[in-house]
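Thanks for coming. I will take a few minutes to walk through one structure, and I will start with a single helix before widening the view. Please have the model open in front of you.

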Amino acid sequence: MSKTVSSWLADELTYTPLGPVRRPAVLPDWLAQELERTGHLPALDVPAPRAVPPRAQQAVIAAGGGRHHTHNLLASVLAPVEACGQVAQGAGFSDILNRAAYTLGGLAAASRLSQQEAEDLLLQTAAAARPGQEHRAEQIIRSGMAAGLKRPLYPGSVR
């Protein structure tokens, strides 16, 4: 059975990362000149990357950074959320969960884990810490993740 053109194109145009590198390479000068010559430049209204807040960057660096340290990193980011389960009130649960969601959103944006994995981990941890408040936790996670996804966090990088 022969492949259809659309299925062939879908197979051929699928991005497949090679190796552990997750950052795009610098655009070669010859390609930049060709894009300029042909009028294929990015729009001027594209926002410049923003600095990662120091607190989020500190959490990533404190956990050791690096791809093989992802498990330790996740544990250190989720530990404060888990600790809220030990205190009935006044633990700052919303703020702590929002900070964790922001950080995991940044890690998802940097391809350290998938967005779905990050959301699942946060939901499970929040549900264990504050049973019965899943709807509230989902809202906090959605908001924090959305902000974090706009600012990739690359463990071990200096900004």
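On helix 6, the face turned away from the buried side carries Gln124 and Ala128, both exposed. The buried residues of helix 6 are Ala118, Leu122, Thr125, Ala126 and Ala129. These buried residues lie on the same side of helix 6, because the arc they cover around the axis is only 100 degrees. The general background is that an α-helix has 3.6 residues a turn, so residues three or four places apart point the same way. As for its length, helix 6 has 15 residues and spans 21 Å from first C-alpha to last, close to the 21 Å expected at 1.5 Å a residue.

Before going further, a word on what we are looking at. This is a predicted model. The mean pLDDT of the protein chain is 75, and 63% of the residues score at least 70. Confidence is highest in helix 7, at 91, and lowest in helix 1, residues 5–12, where the mean is 54. Where pLDDT is low, the predicted coordinates should not be read in detail.

Now the whole chain. The secondary structure consists of seven helices and zero strands. Of the 159 residues in the protein chain, 27% are buried. Among contacts with a separation of 6 or more, 75% are between residues 24 or more positions apart.

Which elements give two or more residues to the largest nonpolar core? First, the core itself: it has 23 residues, and those with the most contacts inside it are Val81, Phe93, Leu97, Leu104, Leu107, Leu122 and Met145. The elements in question are helix 4 (70–83), helix 5, helix 6 (115–129) and helix 7 (134–149). Helix 5 gives the most, with seven residues. As a general matter, nonpolar side chains in soluble globular proteins tend to be buried together.

Take leucine 104 as an example from that core. Setting aside neighbours within four places in sequence, leucine 104 is in contact with Leu74, Val77, Leu78, Leu113, Ala118, Leu122 and Met145. Two of those names, Ala118 and Leu122, came up earlier as buried residues of helix 6.

Next to leucine 104 in the numbering is threonine 103, which sits in helix 5, residues 93–109. Is threonine 103 buried or exposed? Threonine 103 counts as buried, because its relative accessibility is 4%, and the cut-off for buried is under 20%. The side chain of threonine 103 reaches the backbone oxygen of arginine 99 at 3.0 Å.

Now the loops. Serine 111 lies in the loop between helix 5 and helix 6. Serine 111 is not a glycine, yet it has a positive phi of about 65 degrees. With a relative accessible area of 36%, serine 111 is partly exposed. In the following loop, between helix 6 and helix 7, we find proline 131. Proline 131 counts as exposed, at 59% relative accessibility. Proline 131 and glycine 85 are 46 residues apart in sequence, and their C-alpha atoms are 8.9 Å apart in space.

Last, back towards the N terminus, to helix 2, residues 29–38. How many of its ten residues are buried? The count is zero, and helix 2 is hardly covered. Just after helix 2, glycine 39 takes a positive phi of about 80 degrees.

That is my tour. I will take questions now.

Terms used: Residues are numbered from 1 along each chain as its sequence is written. Side-chain values use heavy atoms; hydrogens and water are left out. Helices (H or I, at least four residues) and strands (E, at least two) are DSSP runs, numbered from the N terminus. Buried means under 20% relative accessible area, exposed over 50%, partly exposed in between (1.4 Å probe, protein chains only). A polar contact is a pair of N or O atoms within 3.5 Å; within protein, one must be able to donate a hydrogen and the other to accept it, and residues adjacent in sequence count only if both atoms are side-chain atoms. A nonpolar core is a set of buried Ala, Val, Leu, Ile, Met, Phe, Trp, Tyr and Cys residues joined through side-chain atoms within 4.5 Å. Contact means heavy atoms within 4.5 Å. The expected span of a helix is 1.5 Å times one less than its number of residues. The arc is that of the directions from the helix axis to the C-beta atoms. pLDDT is the predictor's confidence in each residue, from 0 to 100.
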